[in-house]
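Trainee: Please take a close look at the charged side-chain pairs in this model and walk me through them. After that, add a word on how helices pack.

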Amino acid sequence: MQTTQLDPSLSNALAAARSPGLTLVIGNKNYSSWSMRPWVAMAAFGIPFQEVRILLDQPDTANRICSYSACGRVPVLLAGEITIWDSLAIVEYLAEQFPELHLWPQDVAARAMARSICAEMHCGFTDLRNAMPMNISASLPGKGRTNGSQADIGRISEIWEECLSRFGHHQFLFGDFSIADAYFAPVVARFRTYGVSLAPALDAYCQRVLAHPAVARWVTEALAETETAPKHDAELPD
């Protein structure tokens, strides 16, 4: 069996991450849409956590991520000896651990729909992801318009319209900010990067999401990053 020797600085970081409390391991904020989802949820609801940011597309990226989780991907939530390595599993765990915060909508029908649209986001919209990769610092209006991405934009618009009209009362998707809004925050960021035109009510929703303190903080910190991820940059449409 092959073993890997960790350098002292990484060993110390791992020891700190395994200390009591929550640690969220993420990628670059400019690129990592999956990392953005639980980070925004935790920040929005005031859940205290330590952040470990691992730069993507670096020679040691894979080893650093695998030192926290064998799946080799971010985000990863460390809760003491518990490791959770999937964004949807992370937010479900947080909802269980902090029931008084109501991360999911309290209404049964709204909560069922919120879970459904998050699951759809989690496993779908592949064409949008491929044609319009998240890059918060970029400005690419009109780019990434494939038949598949246009279809995904249409489906997301349908979801938002239904949620806002049935439950949102023209605020967030289910009235108060919830996991569902955190889950679609990277889509809002994509729509801004690629200049996607939306109906006025949906554009107003995007503006509310971008103005939310947790989302605004992520975006600000993403724009402040000086590191790049060459493979991710190469995926941007011409």
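Mentor: In this predicted model, Arg217 and Glu221 form a salt bridge, with 3.0 Å between their closest N and O atoms. Both residues belong to helix 10 (residues 213-224), and because they are four residues apart there, about one helical turn separates them. Arg217 has a relative accessibility of 46%, so it counts as partly exposed. Glu221, at 26%, is therefore also classed as partly exposed, since that class runs from 20% to 50%. The pair does not stand alone: through salt bridges that share partners, Arg217 and Glu221 are joined with Lys29 and Glu51 into one network.

The structure holds nine salt bridges. Another of them is formed by the side chains of Glu162 and Arg166, at 3.2 Å from N to O. Glu162 and Arg166 both sit in helix 7, again four residues apart, or about one turn of the helix. Glu162 is partly exposed because its relative accessibility is 34%, and Arg166 is partly exposed at 47%.

Helix 7 also takes part in a salt bridge that reaches further along the chain. The side chains of Arg155 and Glu120 meet at 2.9 Å, N to O. This pair links distant parts of the chain, 35 residues apart: Arg155 lies in helix 7 (residues 147-168) and Glu120 in helix 5 (residues 108-123). Arg155 has 33% relative accessibility and so counts as partly exposed. Glu120 is partly exposed as well, because its value is 25%. As a general point, side chains of opposite charge can pair when their charged atoms come close.

Now to helix packing. Helix 2 (residues 33-44) packs against helix 8 (residues 179-193) with the axes 7 Å apart and at an angle of about 130°. Helix 2 is therefore oblique to helix 8, because the angle falls outside the ranges for roughly parallel, roughly perpendicular and roughly antiparallel, the last of which needs over 145 degrees. The crossing of helix 2 past helix 8 is right-handed. On the helix 2 side, the contact is made by Ser33, Trp34, Met36, Arg37, Val40 and Ala41. Helix 8 contributes Ala182, Tyr183, Ala185, Pro186 and Arg190. Sorted by type, the residues of this contact are eight nonpolar, one polar and two charged.

Conventions
Residues are numbered from 1 along each chain as its sequence is written. This is a predicted model: local features need pLDDT of at least 70, side-chain atom pairs count only at pLDDT 80 or more; totals for chains, interfaces and linings use all residues. Side-chain values use heavy atoms; hydrogens and water are left out. A salt bridge is a side-chain nitrogen of Lys or Arg within 4 Å of a carboxyl oxygen of Asp or Glu. Helices (H or I, at least four residues) and strands (E, at least two) are DSSP runs, numbered from the N terminus. Buried means under 20% relative accessible area, exposed over 50%, partly exposed in between (1.4 Å probe, protein chains only). Axes are lines fitted to C-alpha atoms, for helices over the stretch in contact, and angles run from 0 to 180 degrees between N-to-C directions. Angles under 35 degrees count as roughly parallel, over 145 as roughly antiparallel, 65 to 115 as roughly perpendicular and the rest as oblique. A crossing is left-handed if the near helix is turned anticlockwise from the far one by less than a right angle, and right-handed if clockwise. Contact means heavy atoms within 4.5 Å. Ala, Val, Leu, Ile, Met, Phe, Trp, Tyr, Cys and Pro count as nonpolar, Asp, Glu, Lys and Arg as charged, and the others, Gly among them, as polar.
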